[in-house]
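Reader: Could you walk me through this model, taking it piece by piece? I would like to begin with a helix and then move on to the rest.

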There are 2 protein chains.
Amino acid sequence: MLNDRKKKILQLIIEDYISTAEPVGSRTIARKYDLGISPATIRNEMSDLELLGYLEQPHTSAGRIPSAQAYRFYVDSLIEPGSLTDHDMALINSWYTERRRSIDDIFQSTAKILSRMTQNVSMVLANKDAAAVFRYIKFLPLDSNHAILCIVTDDGNVDNCVVEIPLGMRPEEMDYLAGRISRELEGKELSEISDDLLSALHMDVAEDKVLFTSFLQAIKRMSRKQNEQRVFLGGTKQLLNQPEFRDVERVKSLLGILEEEKVVRDLLVAGEDSGLKITIGTENKFTGIQDCSMVQATYRLNGKIVGTMAVLGPTRMEYGKVITVMDYLHKYLKTMFEQDQDKE
Amino acid sequence: MLNDRKKKILQLIIEDYISTAEPVGSRTIARKYDLGISPATIRNEMSDLELLGYLEQPHTSAGRIPSAQAYRFYVDSLIEPGSLTDHDMALINSWYTERRRSIDDIFQSTAKILSRMTQNVSMVLANKDAAAVFRYIKFLPLDSNHAILCIVTDDGNVDNCVVEIPLGMRPEEMDYLAGRISRELEGKELSEISDDLLSALHMDVAEDKVLFTSFLQAIKRMSRKQNEQRVFLGGTKQLLNQPEFRDVERVKSLLGILEEEKVVRDLLVAGEDSGLKITIGTENKFTGIQDCSMVQATYRLNGKIVGTMAVLGPTRMEYGKVITVMDYLHKYLKTMFEQDQDKE
DNA sequence: GTTAGCACTCTATTTATTGGAGTGCTAACA
DNA sequence: TGTTAGCACTCCAATAAATAGAGTGCTAAC
């Protein structure tokens with residue numbers, strides 16, 4: 001086990017390296033932080049820490065940089081929970097209120113805030129609620145041969161599309177048709193409304209083929225929309241601010257990975273189970289980001305996973321800040337979603 | 001005026017430079033393209049072209065690169081209209097069909113296609129139709145004290161939101177209320193539905209304050225949505241593929257500009273009047289992109305501007321390809337929008 | 001156990017050297 | 001008069017050599 005002084009020195013080295021991105025030398029530590037010991041002593045300690053696997057030397061005459069093991073130790077044992085400044089909180093609040101029209105906007109804002117606050121790439125995965133229950137459909141007349149088909153689910157979501165109706169069809173007839181279809185499907189989860197079910201319905205209900213086809217399409221689209229997990233990325237530009245990515249090639253390769261929505265989704269889903277997950281360097285099994293670290297937080301509502309957010313950046317990452325920000329966002333989102341739920 | 005040989009040489013230099021990004025020397029031209037004249041002759045011609053302002057030398061012993069004036073001449077007089085390969089067209093079609101749920105998806109796809117095909121940043125500005133006319137509102141019951149408020153406009157757009165209703169309010173009462181509000185507002189353009197008008201309405205119609213407030217919010221939100229011009233960016237990542245942007249600082253500064261939605265919007269609006277507009281280097285008055293060129297196409301439907309798309313890149317840009325792609329997209333969009341219009 | 005001192009190492013930066021691509025000029029040629 | 005070969009000249013880019021500096025590791029003294 002490391003003694004207190006070693007821990008302290010290790011912590012200082014890690015934090016100095018995190019903020020400067022330069023290998024840290026014994027003199028730097030002695031000068032910047034008053035430990036009451038000389039560079040030579042620090043040197044001895046550093047030498048020990050290197051043997052123990054916590055530090056690495058890029059070359060003999062450079063300072064030392066933390067190893068993956070050091071970061072692991074740091075996030076597990078050294079880091080102390082911080083709190084956001086009032087200024088940061090105000091900033092976050094203003095960003096959230098800036099644009100909030102739909103659920104999607106909230107996720108998008110989260111990604112944006114996360115990346116701005118941490119200067120790293122952020123990813124947000126929104127799990128859609130596949131359990132929404134079909135309520136009823138309704139036709140809103142538009143003109144002589146068009147109407148709007150509205151599909152209402154019990155969570156208050158409405159999807160609509162314009163459908164062509166037979167010329168001269170009367171509102172009462174449409175209402176009757178809507179009523180019949182509604183009765184057939186009411187109470188079913190959108191996800192269980194399968195093609196089979198719809199075809200069976202077809203036999204049974206549909207007086208009018210054109211109308212029915214439009215209806216089919218709309219409901220399929222809606223259940224697909226509901227089942228979809230969507231990914232929101234933020235701050236891919238921030239990459240350029242990190243010295244690790246001063247090389248354009250590295251930026252390109254990482255952006256190439258992030259561009260593949262499927263990959264990002266898999267990446268996020270993989271770490272979804274635990275509340276807060278930090279993977280450092282090669283701890284992450286996805287190729288291409290093994291020289292990066294990732295901090296991921298998953299949030300739930302009534303035990304169900306609502307979404308997950310993550311920050312991806314160089315292993316030299318401000319873990320403390322990232323965690324603090326995520327924690328705050330987590331609470332913020334919780335409040336928002338619970339409000340939303342109460343409302344419906 | 002330039003004689004044919006000078007024109008030919010200038011064209012070859014421009015096209016060679018566009019594809020290689022390297023200064024072009026007399027020998028290169030002589031070797032690559034069989035003009036039947038020696039490098040020395042080409043050298044003389046190049047010397048003339050430099051005096052005339054068409055070519056520049058980065059330094060004495062480098063080849064020459066085209067000046068802004070040369071590009072201008074190139075796009076005005078030298079460029080010959082090309083056509084897309086079948087492969088490209090198939091690619092475009094597949095990208096468009098890949099994801100097409102809403103109007104926004106079409107614009108987003110356009111931006112994506114434009115950037116992929118041209119390897120440059122693309123911008124698409126979607127003008128919203130502020131002239132949508134209010135048709136009616138309708139309440140769809142949800143549960144004992146919530147309903148969905150639907151606002152229908154005559155272009156077939158529906159906006160909806162969940163509103164709280166007084167406990168025990170009966171559907172007939174709600175229908176009555178909806179009917180009265182609808183009659184008041186019917187036929188008005190969304191943009192002319194001002195706060196004043198709504199307040200006046202308030203006095204007159206509203207029996208129920210809570211309900212009415214929700215309704216107000218929804219309609220305001222909808223007219224705002226309709227009035228909004230939205231910007232879609234594509235291929236900011238492609239920047240990194242251009243040798244001009246091998247320097248991270250340059251990338252950052254350009255991305256910084258593109259990040260400001262307002263700036264991009266102004267930029268696009270400024271060039272909206274003409275059908276096809278090409279600005280080369282400093283011809284563009286917006287600071288920060290004066291070392292770039294921009295090709296912009298504005299498309300209209302029934303004389304009204306529907307949107308505008310642009311490609312932004314280094315002055316060394318494949319103008320021919322860009323124009324060809326835009327032309328194709330233009331036609332493609334036209335067909336799509338006209339279909340859409342017919343439908344409604 | 002701590003520390004000053006010093007030799008040693010290795011890199012990053014600066015400076016010198018060289019090779020090559022390209023021009024411009026001149027003189028000869030058709 | 002236009003074209004071209006030849007050659008000196010220029011300037012950059014790439015390579016090589018020299019230098020400065022930061023940092024370590026070791027030793028011996030405290």
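**A helix, the two copies and the DNA**

Author: This is a predicted model. Helix α6 of chain B, residues 103–118, has 16 residues, which at 1.5 Å a residue should span 22 Å, and its end C-alpha atoms lie 23 Å apart, so the two values agree.

Reader: Which residues of α6(B) are buried?

Author: The buried residues of α6(B) include B:Asp105, B:Ile106 and B:Phe107 towards one part of the list, and B:Ile113, B:Leu114, B:Met117 and B:Thr118 are also among them. B:Ser109, B:Thr110, B:Ala111 and B:Ser115 are buried in this helix too.

Reader: And what follows α6(B)?

Author: The helix is followed by B:Gln119, whose phi is positive, near 60°.

Reader: Changing topic, how does chain B lie on chain A?

Author: A turn of 180° with a shift of 0.1 Å along the axis lays chain B on chain A, and the RMSD is then 0.1 Å. That is the relation of a two-fold axis. In chain B, the C-alpha nearest the axis belongs to B:Val248, at 3.4 Å from it.

Reader: Through which surface do the copies meet?

Author: They meet through the same surface, because 100% of the interface residues of chain B are also interface residues in chain A.

Reader: Now the DNA. How many residues surround DNA strand C, and which are the closest?

Author: DNA strand C is surrounded by 22 residues, and the closest of them are A:Arg5, A:Thr41, A:Thr60, A:Ser61 and B:Ser26. The residues of this surface divide into four nonpolar, 14 polar and four charged.

Reader: Which helices supply that surface near DNA strand C?

Author: At least two residues each come from α3 (39–51) of chain A and from α2 (26–32) and α3 (39–51) of chain B. The largest share, four residues, is that of α3(A).

Reader: What parts of DNA strand C lie within 4 Å of the protein?

Author: Of the strand C atoms within 4 Å of the protein, 76% belong to sugar or phosphate, and the rest belong to bases. On the phosphate side, a backbone N or O atom of A:Ser38 is 3.0 Å from a phosphate oxygen of DNA strand C. On the base side, a polar side-chain atom of A:Ser61 lies 2.8 Å from a base oxygen of that strand, and an N or O atom in the side chain of A:Arg43 is 3.4 Å from a base oxygen of DNA strand C.

Reader: What about DNA strand D, which residues come nearest there?

Author: Around DNA strand D there are 22 residues, of which A:Ser26, B:Arg5, B:Thr41, B:Thr60 and B:Ser61 come nearest. The residues of the surface near strand D divide into four nonpolar, 14 polar and four charged. Of the strand D atoms within 4 Å of the protein, 77% belong to sugar or phosphate, with the rest belonging to bases.

Reader: Which helix gives the most to the surface near DNA strand D?

Author: That is α3(B), with four residues. At least two residues each are supplied by α2 (26–32) and α3 of chain A and by α3 of chain B.

Reader: Which polar side chains reach DNA strand D, and at what distances?

Author: An N or O atom in the side chain of A:Ser26 is 2.7 Å from a phosphate oxygen of DNA strand D, and a polar side-chain atom of B:Thr41 lies 2.3 Å from a phosphate oxygen of this strand. For the bases, a polar side-chain atom of A:Arg43 lies 3.1 Å from a base oxygen of DNA strand D.

Reader: Back to the protein: is A:Asp16 buried or exposed?

Author: A:Asp16, which lies in helix α1 (residues 4–20) of chain A, has a relative accessible area of 2%, so A:Asp16 counts as buried, the cut-off being under 20%. Leaving aside neighbours within four places in sequence, A:Asp16 is in contact with A:Ala21, A:Val24, A:Thr28, A:Lys32 and A:Tyr33.

Reader: Where is B:Thr324 placed, and what does B:Thr324 touch?

Author: B:Thr324 is in helix α12 (residues 319–343) of chain B, and B:Thr324 is buried, with a relative accessible area of 15%. Not counting residues up to four places away in sequence, B:Thr324 touches B:Gly82, B:Ser83 and B:Leu84.

Conventions: Residues are numbered from 1 along each chain as its sequence is written. Chains are lettered from A and ligands numbered from 1 in the order in which they are written. This is a predicted model: local features need pLDDT of at least 70, side-chain atom pairs count only at pLDDT 80 or more; totals for chains, interfaces and linings use all residues. Side-chain values use heavy atoms; hydrogens and water are left out. A residue is near a molecule or strand if one of its heavy atoms lies within 4 Å of it. A polar contact is a pair of N or O atoms within 3.5 Å; within protein, one must be able to donate a hydrogen and the other to accept it, and residues adjacent in sequence count only if both atoms are side-chain atoms. Ala, Val, Leu, Ile, Met, Phe, Trp, Tyr, Cys and Pro count as nonpolar, Asp, Glu, Lys and Arg as charged, and the others, Gly among them, as polar. Buried means under 20% relative accessible area, exposed over 50%, partly exposed in between (1.4 Å probe, protein chains only). Contact means heavy atoms within 4.5 Å. The expected span of a helix is 1.5 Å times one less than its number of residues. Copies are superposed by least squares on the C-alpha atoms of residues with pLDDT of at least 70 in both.
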